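User: I have not worked with this structure before, and I would like one part of it examined closely rather than a quick tour of everything. Please choose a helix, describe its surroundings with care, and define the terms as you use them.

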Amino acid sequence: MTKLLIQLRKATKSLHDTIEKTTPLTKIMQTPLHKDSYIQALNYLYPPIFQLESSLDKFMPEFNYQARHPLLALDLKNLGTHPPKIKNLSHLQLSCEIQKYGHFYVLVGSQLGGHIIANHINQHANNLSTLFFDSSDKQVWKQLINTINQATFNQEQEAQIIKAATTAFELFLPSKDI
Ligand code: HEM
């Protein structure tokens with residue numbers, strides 16, 4: 001693992017722990033799994049995933065990444081509701097292209113936990129629409145790791161990537177009003 005990946009993991013570990021332990025995702029990892037908790041978790045995930053995918057849209061053609069917020073919207077529709085309105089997109093805009101690696105690290109990394117969640121939901125959810133979690137895919141993560149391993153970033157660029165990853169993680173904090 002490169003120094004950058006180790007630094008990324010270290011810099012965002014406490015944010016990851018907070019998200020895992022204090023957000024609506026916590027409840028869907030419990031049993032029994034209630035439909036309302038599941039809807040709450042999808043609603044919680046929609047704004048940050050939408051924002052990250054919107055900010056990266058034009059920057060990541062080299063990766064085989066399929067936007068997943070439409071699947072979240074579809075799950076919510078299938079559950080009889082709809083995704084929350086996004087109030088503010090401006091604060092996530094990338095000021096330089098290098099930051100995309102930090103955003104992408106978070107977006108794609110979130111699918112690693114997504115696998116675990118998908119397994120849990122498929123065991124404990126009856127008749128819930130699980131298109132979003134079922135689409136968790138490790139392939140793009142491997143692609144990103146290879147790209148980062150092969151790239152040469154200077155110290156300033158590494159700092160920008162780590163800052164961007166932290167900003168992206170913060171979008172998932174419960175207090176964020178998006
Ligand atoms: C209950 C919810 C979650 C659980 C249980 C969970 C669990 C995990 C686990 C087990 C891994 C390591 C997987 C592996 O190495 O193969 C992981 C990695 C990761 N997760 Fe989560 N996760 C959750 C939510 C999230 C969310 C919402 C995000 C995005 C903000 C996120 C971002 C990441 C990132 C970036 C990594 C890669 C860390 C690295 O190896 O550098 N996770 N997660």
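Analyst: A residue counts as buried when 20 or more other C-beta atoms lie within 10 Å of its own, as exposed when there are 12 or fewer, and as partly exposed in between, the C-beta atoms being placed from the backbone. What you are looking at is a predicted model, in which local features need pLDDT of at least 70 and side-chain atom pairs count only at pLDDT 80 or more, while totals for chains, interfaces and linings use all residues. Residues are numbered from 1 along each chain, as its sequence is written.

The setting comes before the close view. The protein chain has eight helices and zero strands, where helices (H or I, at least four residues) and strands (E, at least two) are DSSP runs numbered from the N terminus. Read from the N terminus on, the elements therefore follow the order α-α-α-α-α-α-α-α. Along the principal axes, the C-alpha atoms of the protein chain fill a box of roughly 50 × 35 × 30 Å, and of its 178 residues 28% are buried. Two residues are in contact if their C-beta atoms, placed from the backbone, lie within 7 Å; of the contacts in the protein chain with a separation of 6 or more, 78% are between residues 24 or more positions apart.

The part chosen here is helix H4, which spans residues 69-78 and has His 69, Leu 72, Asp 75 and Leu 76 as its buried residues. Viewed down the helix axis, these buried residues fall within an arc of 115° (from the directions between the axis and the C-beta atoms), so they line one face of H4. The cover over these residues includes helix H3 (35-56) and helix H6 (131-134). Just after H4, the backbone at Gly 80 takes a positive phi of about 90°.

Leu 42 shows part of these surroundings in detail: leaving out residues up to four places away in sequence, Leu 42 touches Leu 72, Asp 75 and Leu 76, and also Phe 132. Three of the buried residues of H4, namely Leu 72, Asp 75 and Leu 76, are thus met again among the contacts of Leu 42.

Leu 42 and Leu 72 also belong to the largest nonpolar core, which has 31 residues, and they are among those with the most contacts inside it, together with Phe 104, Tyr 105, Val 106 and Ala 165. Such a core is a set of buried Ala, Val, Leu, Ile, Met, Phe, Trp, Tyr and Cys residues joined through C-beta atoms within 7 Å. The elements that give two or more residues to this core are H1, helix H2 (24-28), H3, H4, H5, H6 and helix H8 (155-170), and the largest share, nine residues, comes from H3.

The chain that follows H6 leads back towards the residues before H4. Ser 135 is found in the loop between H6 and helix H7 (139-150), and with 14 other C-beta atoms within 10 Å, Ser 135 is partly exposed. Apart from residues up to four places away in sequence, Ser 135 touches Arg 68 and Leu 71, the second of which lies within the span of H4. The C-alpha atoms of Ser 135 and Gln 66 are separated by 9.5 Å, although their positions lie 69 residues apart along the chain.

On the other side of H6 in sequence, Ala 125 lies in the loop between H5 and H6, and this residue is partly exposed, having 17 other C-beta atoms within 10 Å. Its contacts beyond four places in sequence are Leu 33, Tyr 38 and Thr 130. Between the C-alpha atoms of Ala 125 and Pro 32, which are 93 residues apart along the chain, the separation is 8.5 Å. Pro 32 sits in the loop between H2 and H3, and the bond joining Thr 31 to Pro 32 is a cis peptide bond with an omega of about -5°.

Val 108, finally, is found in helix H5 and counts as buried, with 24 C-beta neighbours inside 10 Å. Setting aside residues up to four places away in sequence, Val 108 touches Val 140, Trp 141 and Leu 144, while its C-alpha atom lies 8.9 Å from that of Ser 136, a residue 28 places away in sequence.
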